[in-house]
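The following exercises are meant to be worked with the sequence and the model side by side. Each task is followed by a solution in steps.

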Amino acid sequence: MSINTADEWKAAATLQYPFWFGGSASSMAAMVTHPLDLVKVRLQTRTPNAPKTMRGTFTFILRNQGLPGLYAGISAALLRQSTYSTVRFGVYEDLKTRYAASPTPSNPRPNLPMTTLIALSSLAGLLGGIAGNPGDVLNVRMQSDASKPAELRKNYKNALAGLIHMIREEGLSSIWRGVGPNSARAVLASASQLASYDYFKSICLSLNMLDNLTTHFCASLAAGFVTTTVCSPVDVVKSRIMSSIGSQLPILQMIRDAGRKEGLLWIFRGWVPSFIRLGPQTVFTMAFFEQHKKWYRQWKGCLD
């Protein structure tokens, strides 16, 4: 069932959805796409003798760690989504509701300008990036742990144990490591993912497509491509900073050294697995999110 009449759009536009819908949808998507995220992080933080391709990394993990190895760090990934995505989706949807015009019979689907969508999603992403930083640090560490020499591995049992261990051994500041580039990436990710999804969805609807799963798939796949390209440079830097332990080089020096040793294209390392992850992740996240909202509308009696 989709929203197509002016009355349905008006009811949907004035409905206040639960704040946690975005975190729930993103956590469900993470359960599907976590192996792809794991491979992306391994490629971005690999040692010189580690596999250099996505296929090689998959094979290496399966051969040495088995199927459970592809879900290393899943508890941290869920912690991240339950904080980062809950905040960014919740704030973005709330701000859209506050600033959107009311639907009318002549304009049943009023759209906010793209610049407004970008501004609102950027603010939501900034807040989400700050809220989700502890989970993100743990997520990257737990995913990259097995690729490190045995003496440098932390072997966190789960996200909670890792959080306690980091604070106890490295201080409270350790869970905020990389909060700058992480927040910058969250701003870029939210602006390119949430705003572009709404933009592409509005294009689909203007072409007389129904507000259904087909439209959600097309809009979210396009948004995933945009997000991957925009976020790749910051994502690589963030992964390298968060996976490090102990003393660190300043960000600019790390970027300079990496460019000198690996060439200019190092900032797009892992782009293919990033897209293979972000494409499905965006599709699953938005599909689950739209289904959350659909079920809630039905429960509230906004749809027949």
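**Exercise 1. Determine how much area the protein chain exposes and which atoms supply most of it.**

Solution. The accessible area, from the Shrake-Rupley method with a 1.4 Å probe and, for residues, only the protein chains shown counting as cover, is about 14300 Å² for the protein chain. Carbon and sulfur atoms supply 64% of this area. The model is a predicted one, in which local features need pLDDT of at least 70 and side-chain atom pairs count only at pLDDT 80 or more, while totals for chains, interfaces and linings use all residues. Residues are numbered from 1 along each chain as its sequence is written, and side-chain values use heavy atoms, with hydrogens and water left out.

**Exercise 2. Describe the overall fold of the protein chain in terms of helices, strands, burial and contacts.**

Solution. Begin with the secondary structure, where helices (H or I, at least four residues) and strands (E, at least two) are DSSP runs numbered from the N terminus. The chain has 11 helices and zero strands, giving the pattern α-α-α-α-α-α-α-α-α-α-α along the sequence.

Next, consider burial. A residue is buried under 20% relative accessible area, exposed over 50% and partly exposed in between (1.4 Å probe, protein chains only). Of the 304 residues, 49% count as buried.

Finally, consider contacts, that is, heavy atoms within 4.5 Å. Among the contacts with a separation of 6 or more, 78% are between residues 24 or more positions apart.

**Exercise 3. Compare the end-to-end reach of helices H6 and H11 with the expected span.**

Solution. The expected span is 1.5 Å times one less than the number of residues. Helix H6 (residues 133-144) has 12 residues and reaches 16 Å between its first and last C-alpha, close to the expected 16 Å. Burial can be added for H6: 12 of its 12 residues are buried, including Asn133, Asp136, Arg141 and Ser144.

For H11, the 30 residues should span 44 Å, and the end C-alpha atoms are 42 Å apart, which agrees. After H11 comes Gly301, which has a positive phi near 80 degrees.

**Exercise 4. Work out the surroundings of Glu290.**

Solution. First, locate the residue: Glu290 belongs to helix H11 (residues 271-300). Its relative accessibility is 4%, so Glu290 counts as buried.

Second, list its neighbours. Leaving aside residues up to four places away in sequence, Glu290 touches Tyr197, Lys201 and His216. With Tyr197 there is a polar contact between side chains, at 2.7 Å. Such a contact is a pair of N or O atoms within 3.5 Å; within protein, one must be able to donate a hydrogen and the other to accept it, and residues adjacent in sequence count only if both atoms are side-chain atoms.

Third, examine Lys201. A salt bridge requires a side-chain nitrogen of Lys or Arg within 4 Å of a carboxyl oxygen of Asp or Glu, and Lys201 forms one with Glu290, the closest N and O atoms being 2.9 Å apart. Lys201 lies in helix H8 and Glu290 in helix H11, so this pair ties together parts 89 residues apart in sequence.

**Exercise 5. State how many salt bridges there are, and trace those of Lys201 with Asp211 and Glu93 with Lys293.**

Solution. The count is nine salt bridges. Between Lys201 and Asp211 the N to O distance is 3.4 Å. Lys201 is in helix H8 and Asp211 in the loop between H8 and helix H9 (213-243), 10 residues apart. Lys201 is buried because its relative accessibility is 10%, and Asp211 is buried because its value is 5%.

Glu93 forms a salt bridge with Lys293, with the closest N and O atoms 3.8 Å apart. This pair links Glu93 in helix H4 (residues 74-99) to Lys293 in helix H11, 200 residues apart. Both Glu93 and Lys293 are buried.

**Exercise 6. Identify the position of Gln281 and which residues it touches.**

Solution. Gln281 is found in helix H11. With a relative accessible area of 11%, Gln281 is buried. Apart from residues up to four places away in sequence, Gln281 touches Ala29, Thr33 and Gln81.
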